[in-house]
Each structure stands twice: as C-alpha cells, then as structure tokens.
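Thanks for making time this morning. I would like to walk you through one structure, going from its strands to its ligand and then out to a few loop residues.

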Amino acid sequence: MLPLIKTYIPPRDILMPKLEEVLYSGYIAQGDVVENFERKFEEFIGSGHTLSLNSGTAALHIALILAGVKEGDEVISTAMTAEPTNVAIKMVGAKVRWADVDYETGNISPKAIKNAINSKTKAIIVVDYAGTSVDVKNIQEISKKYSIPVIEDAAHALGTTYNGKKSGNHFPFTVFSFQAIKHLTTVDGGALQIQDKELYEKAKLIRWFGLDKKLSRLDNDIQFQGYKYHMNNVNAAIGLVQLENIQNILQKYITIGKYLDVELNGIPGVETVIHYPNTESSYWLYTLKVDRREDFIKMMTDNGFMASEIHKRNDWHTYLNDYPSEMPNLDKFYSKLVHIPCGWWVTEEDCDKMVELIKQGW
Ligand SMILES: *Cc1c(COP(=O)(O)O)cnc(C)c1O
C-alpha cells in the first residue's frame with residue numbers, strides 16, 4: 001500500500017559520519033551543533049530568530065507564554081488540525097474559542113476569527129492545514145486592528161509561501177515541528193521562529209528552566225517558570241544534514257501537489273483545494289473533498305493507495321471543546337475530507353494511476 005506519509009532519513013553514507021562525529025565528540029547536549037542548526041534554519045526561513053526545541057508542542061507552549069496568554073484567557077483556534085495545536089492552549093490554562101474554517105481550504109476563516117474576538121481573547125492560532133497557506137493578508141489585518149498577536153502553527157507548512165516568502169516571516173511567532181513524519185525530521189524536535197529579538201532572548205530562558213546558559217549556575221537567578229525544552233546536538237546534527245537537501249525534498253511534494261491540482265480539477269464528485277491568492281502550498285498532505293468518502297477510500301485502498309482523513313476534528317475531543325460551536329463550513333469540509341499520497345516517495349506512475357482511478361469513479 002502506498003502510504004500517505006513517510007519518514008525521510010538521508011542516505012547512510014551522508015548522515016552516519018556526521019552523526020557519529022557528534023555522538024563520540026563528548027558533547028551531545030545543547031551546544032555548537034544546535035547553534036549551527038539554528039543559524040542555518042534562520043537562513044532558510046529568511047527573517048527572525050530561530051529557537052530550536054525538542055518538539056513543536058514545546059514551540060506552541062512557549063509562543064503562548066510569550067504572547068502573554070494566562071489562565072482564564074481565551075485563544076481563538078481551529079478544530080481542523082492535529083491535537084498539539086489545541087492541547088498547548090490548555091497547557092497555559094487558557095480556553096479554546098473555535099472559529100469556523102473557509103470551506104475552500106479547510107483553514108481558519110478571517111471572518112469567523114473576527115466574530116469570535118471578545119475581551120478575553122489574548123491570541124489567535126492559525127494552522128496551515130496540510131501545508132495550505134492560511135489567508136495571511138486578512139489575518140494580519142485583523143491582528144493589527146484588534147492588537148491581538150497571531151501564532152502560526154506551520155508544522156505542516158515548512159516551505160509554504162505567501163508573496164514568495166516562507167511561513168515564518170508573516171507573524172510574530174511561527175511554530176515548526178521536526179517530528180518523525182514531518183517534511184524535515186530530526187527524529188523529534190521543533191522550532192519557534194520569533195521576530196522580536198527581546199522576546200527571543202526571553203524565550204531562551206524559558207526553554208531551559210529559566211536559567212541563562214551564558215552565566216554560571218551560581219550567577220543565575222531564576223525569575224520565572226521555565227521548562228526543559230531544548231534541542232540536543234544529536235538531533236541538531238540530523239537536522240543540519242536534512243537542511244542541506246530540504247529544498248529538493250520540498251520540491252517533490254510541491255511538484256506532485258501541483259500536478260494533482262491540475263489533473264483532478266473538474267472530475268465529478270471531487271473538489272480540490274482552492275488556494276488563497278499569492279500563496280503556494282508545500283503539500284505535506286494532499287487534500288481532496290469527495291462525495292461518498294467511505295466508498296472513495298475503499299476504492300483507493302483496494303487499488304493499493306492509502307486514503308484517509310487522518311485527523312479527528314479537535315472539537316470532538318471533550319477536553320478541548322471548551323465552547324461548543326456551530327461550524328457549518330467545517331461540518332461540510334470534514335464530511336468530504338480525504339488525503340491521498342503526495343511526497344518524495346510517490347512516483348509519476350503512482351500519480352497517473354491515482355488520477356486514472358479517480359477519473360473512473362467509485
Ligand atoms: C506535528 C504537529 C505539531 C507539533 O508536534 P510535535 O510532535 O510536538 O513536534 C503541532 N501542530 C500540528 C498541526 C502538527 O501536525
């Protein structure tokens with residue numbers, strides 16, 4: 001069965017020498033290799049400061065702290081995402097206020113965000129679901145008008161662009177995940193891209209117990225709650241090797257995604273994602289909306305192609321559903337949502353076979 005997602009690990013002869021070098025260097029904790037990875041990742045993104053971490057969830061947690069979200073506050077978010085997005089909101093004691101999605105993309109709707117804002121709203125989390133860019137321009141305008149900071153969860157969206165600039169450049173905080181199945185994996189890991197230099201300095205303390213690594217333990221004085229969220233040299237060594245080839249890997253997802261967008265357009269019973277103007281997806285997942293989804297999934301899997309909705313809408317988790325809300329667009333989107341294989345492991349023949357099968361109907 002051709003899978004929907006696959007872990008990319010660089011070839012042994014390229015990765016292993018670098019990994020061994022770090023493993024036997026005597027320094028496997030957070031050190032120069034981590035520093036090096038952060039500066040290289042900054043270059044890749046193009047602006048802001050990279051705080052490397054041991055997960056994307058840690059990045060979400062720190063972003064919420066830096067945004068000043070506290071117990072009893074509300075954060076506007078989307079239910080069309082993986083659980084970490086919304087579990088992180090609960091980690092700071094805040095409540096999740098849902099905003100409906102745009103049916104065309106499955107991403108949080110700017111209009112719905114506006115309607116959900118109230119005096120308790122302290123932050124907005126937006127997710128580039130499946131790699132599809134959020135409506136950057138309209139979300140930036142709302143953030144400015146109401147002075148509410150936006151956290152972009154770009155865990156699916158490494159390499160996604162708006163106006164030619166990558167995710168990581170558009171909002172004060174952008175979250176990346178380097179977990180096993182994401183575009184770039186360090187086995188586990190994450191990063192928070194922070195635009196403000198002062199907040200970046202504060203974030204480094206939060207990352208490590210509230211301690212300043214530049215000072216000795218005896219000269220340190222913890223002033224606020226910190227965590228143990230740093231990346232180590234071993235994960236960073238893998239990340240550095242991955243970064244050298246990432247553009248190549250991303251391009252494979254994008255080429256296939258764009259090809260499927262064209263080939264599947266206009267087939268009866270199928271709707272492709274309509275992207276916001278001036279954006280390009282990095283197609284971490286290929287999204288389709290189909291009629292009679294269960295039959296579609298059966299037809300695809302019977303023919304050797306994995307197909308699934310993958311994610312459970314997050315308002316269906318009791319603990320996350322602080323304010324049950326009517327979300328008619330999400331209802332419609334979710335009832336038709338399905339993902340089909342797209343990525344570096346999918347060949348041209350696989351693509352053409354999938355298109356042919358879908359054209360034949362189900
Ligand atoms: C993977 C993921 C994260 C973070 O995951 P970690 O496993 O903590 O790195 C956050 N949000 C979304 C949407 C994700 O898919």
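Before I point at anything, one term: two strands are said to pair here if DSSP finds at least two bridges between them. Please also keep in mind that this is a predicted model.

With that term in hand, let me begin at strand E4, residues 121–127, which is joined to strand E5, residues 150–153, by 4 bridges, the two strands running parallel. If you want one position to look for, valine 127 has aspartate 153 in E5 as its bridge partner. Between these strands comes helix H6, residues 136–146, and E4, H6 and E5 together make a right-handed β-α-β unit.

E4 also pairs with strand E2, residues 74–77, in the parallel sense, over 3 bridges, and there isoleucine 76 stands opposite isoleucine 124 of E4. How many of the residues of E4 are buried? The count is 6 of the 7, and so the strand is largely enclosed by the rest of the structure; buried, for this purpose, means a relative accessible area under 20%.

Moving on from E2, we come to strand E3, residues 95–98, which pairs with E2 in the parallel sense over 4 bridges. Here serine 77 has tryptophan 98 in E3 as its bridge partner, and E2, helix H4 and E3 make a right-handed β-α-β unit. In a regular strand the side chains alternate between the two faces of the sheet. In E3 the covered face carries Val96 and Trp98, whereas Lys95 and Arg97 are on the uncovered one.

Now to the ligand, which I suspect is what most of you came for. There are 15 residues around the ligand, and those that come nearest are Gly56, Thr57, Asp153, Ser177 and Lys182. You have already met aspartate 153, as the bridge partner of valine 127.

Let me take the polar contacts in turn. A polar side-chain atom of threonine 57 lies 2.5 Å from an oxygen atom of the ligand, while for glycine 56 a backbone N or O atom lies 2.8 Å from a ligand oxygen. Lysine 182 takes part through its side chain, where an N or O atom is 3.0 Å from an oxygen atom of the ligand. As for how far the ligand is covered, taken alone it exposes 380 Å², and the protein buries 90% of that.

Which elements give two or more residues to the shell around the ligand? They are helix H3, 56–66, and helix H4, 84–91, and H3 provides the largest share, with 3 residues. Sorted by class, the shell has 9 polar, 4 nonpolar and 2 charged residues.

Serine 177 deserves a moment of its own, and you will find serine 177 in strand E8, residues 173–177. With a relative accessible area of 11%, serine 177 is buried. The side chain of serine 177 makes a polar contact of 3.5 Å with the side chain of lysine 182, and the serine 177 side chain also reaches the backbone nitrogen of glutamine 179, at 3.2 Å.

There is also an open sheet of 3 strands, in the order E7-E6-E11, with antiparallel pairing. Strand E7, 165–166, and E11 stand at the edges with a single partner strand each, so one side of each is left without a neighbour in the sheet. Strand E6, residues 161–162, pairs with E11 over 2 bridges, and tyrosine 162 has threonine 279 in E11 as its bridge partner.

Let me finish with the loops. Proline 277 sits in the loop between strand E10, 270–272, and strand E11, 279–280, and is exposed, with a relative accessible area of 61%. From C-alpha to C-alpha, proline 277 and glutamate 74 are 30 Å apart in space, and in sequence they are 203 residues apart.

Most residues other than glycine have a negative phi. Phenylalanine 209, however, has a phi near 65°, and is found in the loop between helix H7, 197–207, and helix H8, 233–263. At 34% relative accessibility, phenylalanine 209 counts as partly exposed. Isoleucine 310 likewise has a positive phi, near 60°; isoleucine 310 lies in the loop between helix H9, 293–302, and helix H10, 328–336, and is partly exposed, with a relative accessible area of 35%.

Note on methods. Residues numbered from 1 in each chain as written. Predicted model: local features only at pLDDT ≥ 70, side-chain atom pairs only at ≥ 80, totals over all residues. Heavy atoms only, no water. Near = heavy atom within 4 Å. Polar contact = N/O pair within 3.5 Å; in protein donor to acceptor, adjacent residues only side chain to side chain. Areas by Shrake-Rupley, 256 points an atom, 1.4 Å probe, with all protein chains shown as cover. Nonpolar A, V, L, I, M, F, W, Y, C, P; charged D, E, K, R; others polar. Buried < 20%, exposed > 50% of the residue type's maximum accessible area, 1.4 Å probe, protein only. Right-handed = clockwise from strand over helix to strand, strands pointing away.
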